[in-house]
Amino acid sequence: MNMAVDLVQIRTLAQAKEDENWRFRKFLKADCNLDEDEIDERVFRITRRVWSRIDCTACANCCREMKPSFSQEDVERIAVRLGLDPKSLNDAYLERNEPLEENPWQTRTTPCPFLKDNRCSIYEDRPSDCSGYPHLYKTEFTSRTMGVIERTFTCPIVYETMEELKKSTGFFRRRR
Ligand code: SF4
Ligand code: SF4
């Protein structure tokens, strides 16, 4: 089955599910009888299955909509790739991230300036924020559901993983 990668379509789908997704978040935190490790395992399994049905190169919604963050190591590695010094890279493309964020830099504009012809032009050296996106292979899924719900509006993998996880965890069978 092919999944929608069109941004307008995925936003419409996510909008229709938003209230339910907040209820699901509450269910995972308070009413689900699976422990956190088991929920993480299910998220990993479902993500693998969902991702196999999605062509990220036909999508690139994340590269068009998000501002990825960059560590200092990311900046230095990408500057070498582009034949720039780190300051020139920052001046051209990046701005300071919010003070409490883990990584000090983020792109200044969307779409990402490194997106060319719907492909990442620095793919092998892209920041770890991008290589880890959409962050479904991280542990402690239950404590990260706010960001996950936000990403259902752009990323079809996240949208579909949430839908399958609801079925897998018994969310629809719960007493209302
Ligand atoms: S650096 Fe590459 S993968 Fe990351 S947002 Fe930009 S184009 Fe996309
Ligand atoms: S990670 Fe999600 S938003 Fe990004 S290209 Fe793949 S499917 Fe699209």
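These are my notebook entries on a predicted model of a protein with two ligands.

**Entry 1: confidence and overall form**

I began with the confidence values, since I was reading a predicted model. The mean pLDDT of the protein is 94, and 97% of its residues reach 70 or more. I then looked at the secondary-structure elements, among which helix H1 (residues 7–31) has the lowest mean pLDDT, at 95, while helix H4 (residues 72–82) has the highest, at 98.

For the general form, I noted that the C-alpha trace spans about 60 × 35 × 25 Å along its principal axes. I counted 8 helices and 5 strands, and from the N terminus on I wrote down their order as α-α-α-β-α-α-β-β-β-β-α-α-α. Of the 176 residues, 26% are buried. Among contacts between residues at least 6 apart in sequence, 73% join residues at least 24 apart.

**Entry 2: domains**

I next looked up the domain assignment, which gives domain 1 as 22–62 + 134–173 and domain 2 as 67–131. Domain 1 is thus written in two segments, with domain 2 falling between them in the numbering. The C-alpha centres of domain 1 and domain 2 lie 27 Å apart.

**Entry 3: the sheet**

Which order do the strands of the open sheet take? I found 3 strands in the order E1-E3-E2, and the pairing is antiparallel. Strand E1 (69–70) and strand E2 (94–96) each have a single partner strand and stand at the edges, so one side of each is left without a neighbour in the sheet. I followed the pairing of E1 with E3, which is antiparallel and runs over 2 bridges; in one of the pairs I looked up, Ser 69 has Gln 106 in E3 as its bridge partner.

**Entry 4: surroundings of ligand 1**

Which residues surround ligand 1? I listed Cys 63, Pro 68, Cys 112, Phe 114, Leu 115, Cys 120, Ile 122, Arg 126 and Cys 130. By class, this shell has 8 nonpolar, no polar and 1 charged residues.

**Entry 5: surroundings of ligand 2**

For ligand 2 I listed Ile 54, Cys 56, Cys 59, Ala 60, Asn 61, Cys 62, Tyr 133, Pro 134, Thr 154, Cys 155, Pro 156 and Ile 157. The elements that give two or more residues to this shell are H3 and helix H8 (156–168). By class, the shell around ligand 2 has 10 nonpolar, 2 polar and no charged residues.

**Entry 6: backbone points in the ligand 2 shell**

I went back to the backbone with a general expectation in mind: most residues other than glycine have a negative phi, and most peptide bonds are trans. Ala 60, which belongs to the shell of ligand 2, has a positive phi of about 60° although it is not a glycine. I placed Ala 60 in the loop between helix H2 (36–51) and helix H3 (61–65). Is Ala 60 buried or partly exposed? Ala 60 counts as partly exposed, because it has 18 C-beta neighbours inside 10 Å.

Tyr 133 and Pro 134 are also in the shell of ligand 2, and the peptide bond from Tyr 133 to Pro 134 is cis, with omega near 5°. Pro 134 lies in the loop between helix H6 (128–131) and helix H7 (145–151).

**Entry 7: further backbone points**

The loop between H6 and H7 also holds Glu 140, whose phi is near 60°, a positive value in a residue other than glycine. Glu 140 counts as exposed, because it has 10 C-beta neighbours inside 10 Å.

I noted another cis peptide bond, which joins Thr 110 and Pro 111 with omega about -10°. Pro 111 lies in the loop between strand E3 (105–107) and strand E4 (115–116).

**Entry 8: Ile 10**

I closed with Ile 10, which lies in helix H1 and is buried, because 22 other C-beta atoms lie within 10 Å. Leaving out residues up to four places away in sequence, I found that Ile 10 touches Ala 4, Val 5, Phe 153, Thr 154, Pro 156 and Tyr 159. Of these contacts, Thr 154 and Pro 156 also appear in the shell of ligand 2. I also noted that Ile 10 and Glu 150 are 140 residues apart in sequence and 12 Å apart in space, C-alpha to C-alpha.

Note on methods
Residues numbered from 1 in each chain as written. Chains lettered and ligands numbered in written order. Predicted model: local features only at pLDDT ≥ 70, side-chain atom pairs only at ≥ 80, totals over all residues. Helix = DSSP H or I, 4+ residues; strand = E, 2+ residues; numbered from the N terminus. Buried ≥ 20, exposed ≤ 12 C-beta atoms within 10 Å, placed from the backbone. Near = placed C-beta within 6 Å. Nonpolar A, V, L, I, M, F, W, Y, C, P; charged D, E, K, R; others polar. Pairing = 2+ DSSP bridges. Domains from an automatic or database assignment. pLDDT = per-residue confidence, 0-100. Contact = placed C-beta atoms within 7 Å.
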